[in-house]
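Hi,

Here is the structure I said I would pass on. Have a look at it first, and then read on for what turned up.

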Amino acid sequence: MTFTAAVSGASGYAGGEVLRLLANHPEVEIGAVTAHSSAGQRLGGLQPHLHSLAERELVETTAENLAGHDVVFLALPHGASGEIAAQLGEQTLVIDAAADHRLESAADWKTFYHSEHQGTWPYGLPELPGQREKLAGSQRIAVPGCYPTTILLGLAPAFAGGLVEPADVVVVAATGTSGAGKSLKAHLLGSEVMGGMSPYGVGGSHRHTPEIEQGLSQVAGQPVQISFTPTLAPMSRGILATSTARIAAGTTEGQLREAYAAQYSAEPFVHLLPEGRWPATKQVLGTNHVTLQLVVDSHAGRVIVVSASDNLTKGTAGGAVQSMNLALGLPETTGLNLIGAAP
């Protein structure tokens with residue numbers, strides 16, 4: 001059976017990445033491609049790498065244009081998904097790549113996104129304990145943020161096993177400029193970014209903070225608090241996250257490695273590297289894979305986990321397609337058997 005899929009926000013980075021993956025998906029036929037300010041233009045003028053879709057005309061993002069498809073991907077600005085999703089029937093699988101339906105706490109949503117909470121959908125990160133079962137057959141899916149994907153997969157086994165303390169977690173992560181979207185911004189110009197790094201969202205103000213805490217708290221079975229500092233790196237895509245947590249009394253590095261190996265040994269997209277090898281963003285460029293490594297700093301009594309992902313693929317579009325596969329009853333890896341490019 002072939003499923004039809006519509007993609008909104010097709011002129012942006014996230015929407016373009018969804019289309020790149022769907023163009024090679026054997027069970028999906030791409031239907032409407034929509035945008036707002038770019039409606040009426042040919043897709044090839046905005047996404048020139050999508051050769052097979054170059055002549056498609058972008059239509060306005062409306063519920064009418066998205067209706068009638070088996071699957072609808074919403075790659076819209078935060079706060080714009082809820083209204084359209086409410087107009088699409090329950091028979092349509094709606095996958096939201098924005099933040100609108102990720103958070104369970106309405107208070108957190110209002111604090112970090114400054115609008116009304118739109119409700120909570122099943123969370124599209126299958127590798128978290130129990131999450132794969134929630135996605136199977138679901139008609140509404142919230143795709144995780146790119147930072148949460150990378151950080152949650154890096155820390156989940158430690159918290160699931162009770163091997164680290166919940167109140168002393170520090171994360172510093174670097175991302176490429178595509179994470180800020182395609183709109184023109186002066187601080188993202190090449191002359192501003194190339195040759196340097198800079199922090200942003202400092203002091204617990206980044207919007208992904210409550211999402212990361214929510215995921216870790218669910219895995220740990222108790223509240224988890226993090227200090228999260230994102231940084232901007234001079235690259236177009238990729239995330240490298242360094243996450244540290246105080247180890248619980250009696251925890252050894254061997255126990256931690258066993259926990260990670262046990263949780264991820266059967267996962268097709270998450271890879272604990274052999275000891276001595278460290279993740280790098282180039283290893284996962286354009287793929288749905290996450291690589292990670294851990295070590296215990298015995299002097300500080302902390303575990304250090306480094307994880308790498310592509311923010312546009314596993315961090316957004318790849319996670320969306322992976323979740324779609326589960327919801328539709330397809331093999332989870334369908335259309336995602338991508339390996340990285342080197343050098």
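Asp 168 and Arg 302 form a salt bridge, with 2.8 Å between the closest N and O atoms. The two come from distant parts of the chain: Asp 168 belongs to strand E7 (residues 164-175) and Arg 302 to strand E13 (residues 302-309), 134 residues apart. Asp 168 counts as partly exposed, at 26% relative accessibility, while Arg 302 is buried, with a relative accessible area of 12%. Do keep in mind that this is a predicted model.

That pair has company, as the count comes to 12 salt bridges. Another one joins Lys 314 to Glu 127, the closest N and O atoms being 3.0 Å apart. Since Lys 314 sits in helix H10 (residues 313-328) and Glu 127 in the loop between H4 and helix H5 (131-135), the pair ties together parts that are 187 residues apart in sequence. Are these two buried or exposed? Lys 314 is buried, with a relative accessible area of 2%, and Glu 127 is buried too, at 3%.

Then there is Arg 237, which forms a salt bridge with Glu 17; here the closest N and O atoms are 2.7 Å apart. Again distant parts of the chain are linked: Arg 237 is in the loop between E9 and strand E10 (239-247), Glu 17 is in helix H1 (residues 13-22), and 220 residues separate them. Glu 17 is buried, with a relative accessible area of 3%, whereas Arg 237 counts as partly exposed at 21% relative accessibility. This pair also belongs to a network of salt bridges that links Glu 17, Arg 20, Arg 237 and Asp 310.

Now for a helix. H8 (residues 209-220) has 12 residues and spans 16 Å from its first C-alpha to its last, close to the 16 Å expected. How much of H8 is buried? Nine of its 12 residues are, so H8 is largely enclosed by the rest of the structure. Among the buried ones are Ile 212, Leu 216 and Val 219, but also Glu 211 and Gln 214. And what do the buried residues of H8 pack against? Their partners are helix H4 (106-113), helix H6 (146-160) and strand E9 (226-232). Right after H8 comes Gly 221, which has a positive phi, near 75°.

If you want a place to begin, try finding the network of Glu 17, Arg 20, Arg 237 and Asp 310 in the viewer.

Cheers

Definitions and conventions: Residues are numbered from 1 along each chain as its sequence is written. This is a predicted model: local features need pLDDT of at least 70, side-chain atom pairs count only at pLDDT 80 or more; totals for chains, interfaces and linings use all residues. Side-chain values use heavy atoms; hydrogens and water are left out. Helices (H or I, at least four residues) and strands (E, at least two) are DSSP runs, numbered from the N terminus. The expected span of a helix is 1.5 Å times one less than its number of residues. Buried means under 20% relative accessible area, exposed over 50%, partly exposed in between (1.4 Å probe, protein chains only). Contact means heavy atoms within 4.5 Å. A salt bridge is a side-chain nitrogen of Lys or Arg within 4 Å of a carboxyl oxygen of Asp or Glu.
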